[in-house]
Amino acid sequence: MSVTMEKMVSLCKRRGFIFQSSEIYGGINACYDYGPLGVELKKNIKEQWWRAMVYEREDVVGLDAAILMHPRVWEASGHVAGFTDPLVDCRQCKQRFRQDEIDPKKYEKRQCPACGTANSLTEARQFNLMFKTHMGPVEEEAAIVYLRPETAQGIYVNYKNVMDSSRKKIPFGIAQIGKAFRNEITPGNFIFRTREFEQMEMQFFVKPGQDESTWHDWKERRMSWYERIGIRKEKLRFRQHGQHELAHYAKAAMDIEYEYPMGWKELEGVHNRTDYDLSRHQQYSGKDLSYFDDAVRERFIPYIVETSAGCDRTVLTCLLDAYDEEKIENEIRVVLRLDPKIAPVKAAVFPLVNRDGMPEISQKIAKELKGDFLVFYDDSGAVGRRYRRQDEAGTPFCITVDSQTLQDQTVTLRNRDTMKQERVSIHGLSDELKRRIWGK
Ligand code: GAP
């Protein structure tokens with residue numbers, strides 16, 4: 001079943017995953033807000049990432065750096081001079097495009113890809129993608145600061161602080177999740193490309209010479225993480241960057257791509273950034289950022305292998321990958337087959353009917369489970385409707401209290417994917433769900 005972006009946008013709004021930002025004012029282009037279900041999904045994805053990147057390793061620690069940084073950081077990083085996209089305007093329809101996204105044959109004729117007018121496109125101008133703002137009350141040149149376009153630089157400028165305080169030795173990594181901002185010329189495809197987004201980045205510091213094997217190792221690990229959070233293997237692939245498309249800092253870059261409704265596109269990048277970043281920061285800050293290897297009594301500037309994932313893009317990928325429709329008794333059942341680990345609501349609890357003490361027992365069960373997961377209690381409408389609502393929200397388990405519960409303290413446990421129901425005891429329900437969600 002292939003899902004369209006329109007269906008996804010509509011489900012996200014209907015079920016409270018994602019809303020257009022400032023919608024009551026007509027919205028603001030390419031900015032989105034996460035609703036009650038969306039914020040849970042995003043939080044669970046971040047937790048899974050942190051678990052795999054920090055908790056399960058002994059050589060990676062976390063960081064949360066400020067969004068606003070010293071403006072020199074962005075000169076050193078190369079962003080002031082080089083973080084640009086080539087921008088062209090159509091004189092006819094006034095639309096703007098990235099020159100590198102226009103079909104080369106059309107661009108040769110300066111033909112607008114939107115209105116089709118020949119000779120209507122301007123020459124390309126380099127447009128810097130960083131958002132500028134002012135720090136302090138006086139809007140003068142000296143006070144210009146940027147909203148960070150990537151979280152990575154916060155890690156590089158803190159590498160010595162982190163290493164010294166946590167007594168890490170190379171090789172080791174620093175992981176960070178945080179907001180980034182880019183004044184994209186052509187945002188779009190829902191939350192795929194926005195102007196404000198969150199990144200999940202990890203920078204791994206190694207001795208020169210160990211960079212290539214480390215890069216290979218991390219790209220495999222990152223690919224397997226997507227499978228671990230439930231993305232179908234056949235919808236993922238690697239794509240290595242050719243020499244001509246490498247970013248200014250990279251010696252090698254591998255994208256992990258997903259097959260979106262608009263085609264195969266980048267989900268994450270795994271980059272070998274060499275000693276570019278630390279050398280530049282050493283040069284621009286005047287601080288020694290070299291590392292002394294005690295064992296071999298050797299000094300060097302560490303090489304960096306970066307894994308850089310978009311959190312919002314991962315949310316979108318999980319939603320698209322999980323979306324399914326099937327015909328049941330002449331009705332379409334929409335179901336989000338999200339991996340239980342990342343599903344926003346883990347279980348819904350229903351009384352079959354609102355009498356005979358069933359609501360009270362259901363509420364008691366919901367209350368008991370609430371300490372361990374996000375649980376939803378629902379007693380409105382026919383039970384079939386309630387199941388369908390939870391299917392659309394991706395809730396993996398529904399627990400129903402019925403007349404048999406009153407006799408033998410069992411409930412039905414319904415599986416979202418198979419729709420099979422089995423009777424399980426109320427006692428030990430929490431452990432049973434934990435086992436099914438996290439395998440423990
Ligand atoms: N530190 C390296 C870096 O930022 P990137 O390829 O520019 O590399 C990494 O970005 C990831 O961040 C992308 O693979 C994507 O998932 C996410 N990303 C980048 N720009 C984005 C945008 N405008 N909207 C949403 N996600 C974005």
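## A guided tour, starting at Arg98

Select Arg98 and its surroundings: beyond neighbours within four places in sequence, Arg98 is in contact (heavy atoms within 4.5 Å) with Asp85, Pro86, Glu184, Ile185, Thr186 and Arg193. Arg98 sits in strand β5, residues 96-98. Helices (H or I, at least four residues) and strands (E, at least two) are DSSP runs, numbered from the N terminus. Arg98 counts as buried because its relative accessibility is 14%. Buried means under 20% relative accessible area, exposed over 50%, and partly exposed in between, with a 1.4 Å probe and protein chains only.

Before moving on, note what is on screen. This is a predicted model, where local features need pLDDT of at least 70, side-chain atom pairs count only at pLDDT 80 or more, and totals for chains, interfaces and linings use all residues. Residues are numbered from 1 along each chain as its sequence is written, and side-chain values use heavy atoms, with hydrogens and water left out.

**Zoom out**

Show the whole protein. It has 14 helices and 23 strands. Its C-alpha atoms fill a box of roughly 75 × 65 × 50 Å along the principal axes. Of the 440 residues, 51% count as buried. Take the contacts between residues at least 6 apart in sequence: 64% of them join residues at least 24 apart. Now switch on the surface. The protein exposes about 21200 Å², with carbon and sulfur atoms supplying 48% of it. Accessible areas come from the Shrake-Rupley method with a 1.4 Å probe; for residues, only the protein chains shown count as cover.

**The ligand**

Select the ligand. The space it takes is the largest pocket. On a 1 Å grid over the protein atoms alone, a pocket is an open set of points with protein on both sides within 12 Å along at least five of seven lines, whereas in a cavity a 1.4 Å probe fits but cannot get out; lining residues have an atom within 4 Å of a point. A molecule sits in a cavity or pocket if more than half of its atoms lie within 2 Å of its grid points.

Which elements give two or more residues to the shell around the ligand? They are β10 (196-206), β13 (263-274) and β16 (303-310). Colour β13 separately: it supplies the largest share of the shell, six residues.

Next, pick individual residues. Of the 21 around the ligand, Glu150, Thr194, Glu201, Glu266 and Glu306 come nearest. A residue is near a molecule or strand if one of its heavy atoms lies within 4 Å of it.

Draw three distances:

- Glu150: a polar side-chain atom lies 2.6 Å from a nitrogen atom of the ligand.
- Glu184: a polar side-chain atom lies 2.8 Å from a nitrogen atom of the ligand. Glu184 is also one of the contacts of Arg98.
- Glu266: a polar side-chain atom lies 2.6 Å from an oxygen atom of the ligand.

How much of the ligand's accessible area does the protein cover? It covers 92% of the 560 Å² that the ligand has on its own.

**Backbone stops**

Follow β13 to Thr274. Its phi is near 55°, a positive value in a residue other than glycine. Thr274 counts as buried because its relative accessibility is 15%.

Jump to Ala30, in the loop between β1 (18-20) and β2 (32-34). Its phi is also positive, near 65°. Ala30 is buried, with a relative accessible area of 6%.

Then select Ile170 and Pro171. The peptide bond from Ile170 to Pro171 is cis, with omega near 10°. Pro171 lies in the loop between α7 (159-166) and β9 (172-181). For context, most residues other than glycine have a negative phi, and most peptide bonds are trans.

**Three last selections**

Ile301 is in the loop between β15 (298-300) and β16. Buried or exposed? Ile301 is buried, at 16% relative accessible area. Beyond residues up to four places away in sequence, Ile301 touches Pro208, Asp275, Leu278, Ser279, Gln282, Leu289 and Ser290. Measure across to Lys207: the C-alpha atoms of Ile301 and Lys207 are separated by 7.9 Å, though 94 residues apart along the chain.

Asp324 lies in strand β17, residues 323-328. Asp324 is buried, at 16%. Add Arg337: a polar contact of 2.9 Å joins the two side chains. A polar contact is a pair of N or O atoms within 3.5 Å; within protein, one must be able to donate a hydrogen and the other to accept it, and residues adjacent in sequence count only if both atoms are side-chain atoms.

Finish at Val401, in strand β21, residues 397-401. Val401 counts as buried because its relative accessibility is 0%. Outside its neighbours within four places in sequence, its contacts include Phe350, Leu352, Met358 and Val411.
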